[in-house]
Amino acid sequence: MKKYRLLIYILSCFIIGFVFTYLVYIGLWTRLIDGFSNVPFWLYLLLIPIVFYITLTLHELGHLIAFRVQGIRIRALYLTVFVFYKDEKSWHFKFVPKLWVLFGGLVVPDLPQIKNEEEMNQVVKKFAISLMAAPIVTISVMSLSILVFFFTWVFSSFVLWFGIITIFMIYTTLLSILYIYTFKLNTKHLYGDFVAYRKMKDDPLFQFAEIYQYLSFSLSEDHHSYIYQKAQSLIEAQPKLNHQIFLIVTIMAYLDGVIHQHFPNSDTIYQRLSSLPIKRFVTSEEGLTLVYNLAEYEYFLGHVENAYQIVDVAAKQAGKRIPIKMKDYLKNRTEHVLHIAYHDEFLNDNENIYIGQGWLFEAISDPYEAAKKEHKKLPFQIYACDIPEVNEKMPSED
């Protein structure tokens with residue numbers, strides 16, 4: 001390929017030169033320059049937010065319409081700082097300035113009740129279709145804007161209108177390219193639409209974690225029974241338990257089922273969880289949360305000494321990069337729940353409660369109230385050991 005580089009360069013220059021000369025010859029280049037020059041400077045600036053919100057809204061509507069066509073209701077639509085959400089009665093609107101950090105949009109589906117594996121598979125399939133619908137809309141909008149630009153360029157004699165169409169096309173194309181780039185993002189906490197689609201098709205743990213997250217916003221009846229059973233089967237199917245984030249979410253769903261929903265505990269899973277290398281997990285936020293949940297799990301099962309040892313390791317060896325507020329909150333919450341020390345005043349103050357990214361969903365669900373449900377003390381377990389009876393003869397009196 002390198003030996004043809006000069007030839008490719010010369011050929012490219014020739015093609016560009018030929019096209020440019022032809023456009024000048026037939027007058028289209030002059031029309032393009034006139035179009036740019038007739039657009040006022042302030043309109044260049046005004047079109048930036050207009051095009052941004054048009055492209056963003058159409059993208060999110062791709063997700064939304066795909067959900068609705070498949071029979072899934074919508075819980076909320078986020079467009080940066082603008083939130084449209086539904087409660088049990090009607091739709092509402094909120095303006096949330098701090099959501100600028102999201103710099104994008106989000107559709108929250110109101111998933112139906114899931115009772116069995118067949119219904120789960122149906123929801124996963126519908127979710128995957130919705131994930132792909134939005135990129136298709138974005139690419140279609142970009143293609144349509146380019147097509148309209150060329151037709152206007154050739155057939156329109158209204159110079160200002162052509163200039164506006166040209167600027168609109170350029171902004172739409174640039175933003176669409178940016179969106180397409182984000183579709184391929186694959187980080188620890190962020191997955192673009194293309195990546196999420198593939199994982200939703202092929203990764204059972206990702207499927208479960210995504211559905212489990214969105215079920216927490218559902219207005220439908222509870223899903224606890226199936227979620228517990230699904231989490232149990234997924235954990236049992238794993239050849240090795242590690243600190244993969246989707247597996248951590250699955251384990252925590254199982255623990256919630258045992259501790260708070262009082263579903264039966266699996267001895268097999270208990271043996272696997274009790275052998276987890278705790279010190280490796282406490283280095284990340286998700287892992288530390290799981291470790292404290294494991295302490296509650298041990299305590300709930302009556303293994304008080306194990307629970308206290310886990311709390312001690314978590315408190316002393318939590319990762320240095322984990323926020324101090326999170327460390328303090330999890331430690332105090334767990335001590336409170338396990339009757340080690342009571343922190344009612346601390347836990348009743350919302351300023352002390354660590355909600356992580358939960359603030360993003362404050363419009364549709366109060367993260368502090370959700371957290372306080374986990375502050376309820378577990379049934380008290382006696383922590384004692386048997387003292388062997390001392391059988392010594394009393395000294396005889398003379």
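**Entry 1: cavity**

I began with the lining of the largest cavity, whose residues divide into three nonpolar, three polar and no charged. In this count Ala, Val, Leu, Ile, Met, Phe, Trp, Tyr, Cys and Pro are nonpolar, Asp, Glu, Lys and Arg are charged, and the others, Gly among them, are polar. I note for the record that this is a predicted model, in which local features need pLDDT of at least 70 and side-chain atom pairs count only at pLDDT 80 or more, whereas totals for chains, interfaces and linings use all residues. Residues are numbered from 1 along each chain as its sequence is written, and side-chain values use heavy atoms, with hydrogens and water left out.

I looked up which residues line the largest cavity. They are T55, L58, V137, T138, V141 and S176. A cavity is a set of points, on a 1 Å grid over the protein atoms alone, where a 1.4 Å probe fits but cannot get out, and lining residues have an atom within 4 Å of a point. The structure holds one cavity of 30 Å³ or more, and the largest cavity encloses about 40 Å³ of space. The volume is the space filled by probe spheres set on the points, with grid points joined across faces, edges and corners.

I then assigned the lining to helices. α3 (41-69) and α4 (117-155) each supply at least two residues, and α4 gives the most, with three. Helices (H or I, at least four residues) and strands (E, at least two) are DSSP runs, numbered from the N terminus.

**Entry 2: nonpolar cores**

I found 102 residues in the largest nonpolar core, and those with the most contacts inside it are Y78, I211, Y254, L255, L273 and Y297. Helix α9 (residues 245-259) gives the most to this core, with eleven residues. A second, separate core has six residues, among them L32, F149, W153 and F162. Such a core is a set of buried Ala, Val, Leu, Ile, Met, Phe, Trp, Tyr and Cys residues joined through side-chain atoms within 4.5 Å. Buried means under 20% relative accessible area, exposed over 50%, and partly exposed in between (1.4 Å probe, protein chains only).

I also listed the surroundings of L255. Neighbours within four places in sequence aside, L255 is in contact (heavy atoms within 4.5 Å) with H260, L273, L290, N293, L294 and Y297.

**Entry 3: salt bridges**

I counted seven salt bridges, each defined as a side-chain nitrogen of Lys or Arg within 4 Å of a carboxyl oxygen of Asp or Glu.

R73 and D110 form one of them, at 3.9 Å from N to O. The pair links distant parts of the chain, with R73 in strand β1 (residues 73-79) and D110 in strand β4 (residues 105-110), 37 residues apart. R73 is partly exposed at 43% relative accessibility, whereas D110 is buried at 4%.

K98 and E362 form another, with the closest N and O atoms 2.9 Å apart. K98 lies in the loop between β3 (91-95) and β4 and E362 in the loop between α15 (344-348) and α16 (367-372), so this bridge ties together parts that are 264 residues apart in sequence. K98 is partly exposed at 44% relative accessibility, and E362 is partly exposed at 31%.

Where do K331 and E335 lie? Both are in helix α14 (residues 324-337), four residues apart, about one turn of the helix. Their closest N and O atoms are 2.8 Å apart, in a salt bridge. K331 is partly exposed, with a relative accessible area of 29%, while E335 counts as buried at 11%.

**Entry 4: R333 and the C-terminal segment**

I noted that E296, R333 and E374 are linked in a network of salt bridges. R333 lies in helix α14 and is buried at 3% relative accessibility. Apart from neighbours within four places in sequence, R333 is in contact with Y292, N293, E296, L347, E374 and H375.

K376 is found in the segment after α16 and is exposed at 66% relative accessibility. The C-alpha atoms of K376 and H336 are separated by 8.3 Å, with the two positions 40 residues apart along the chain.

**Entry 5: positive phi**

I checked two histidines. H262 has phi near 60°, a positive value in a residue other than glycine; H262 is placed in the loop between α9 and α10 (267-274) and is exposed at 57% relative accessibility. H339 has phi near 65°, also positive; H339 is in the loop between α14 and α15 and is buried at 15%.

Key: On a 1 Å grid over the protein atoms alone, a cavity is a set of points where a 1.4 Å probe fits but cannot get out, and a pocket is an open set with protein on both sides within 12 Å along at least five of seven lines; lining residues have an atom within 4 Å of a point.
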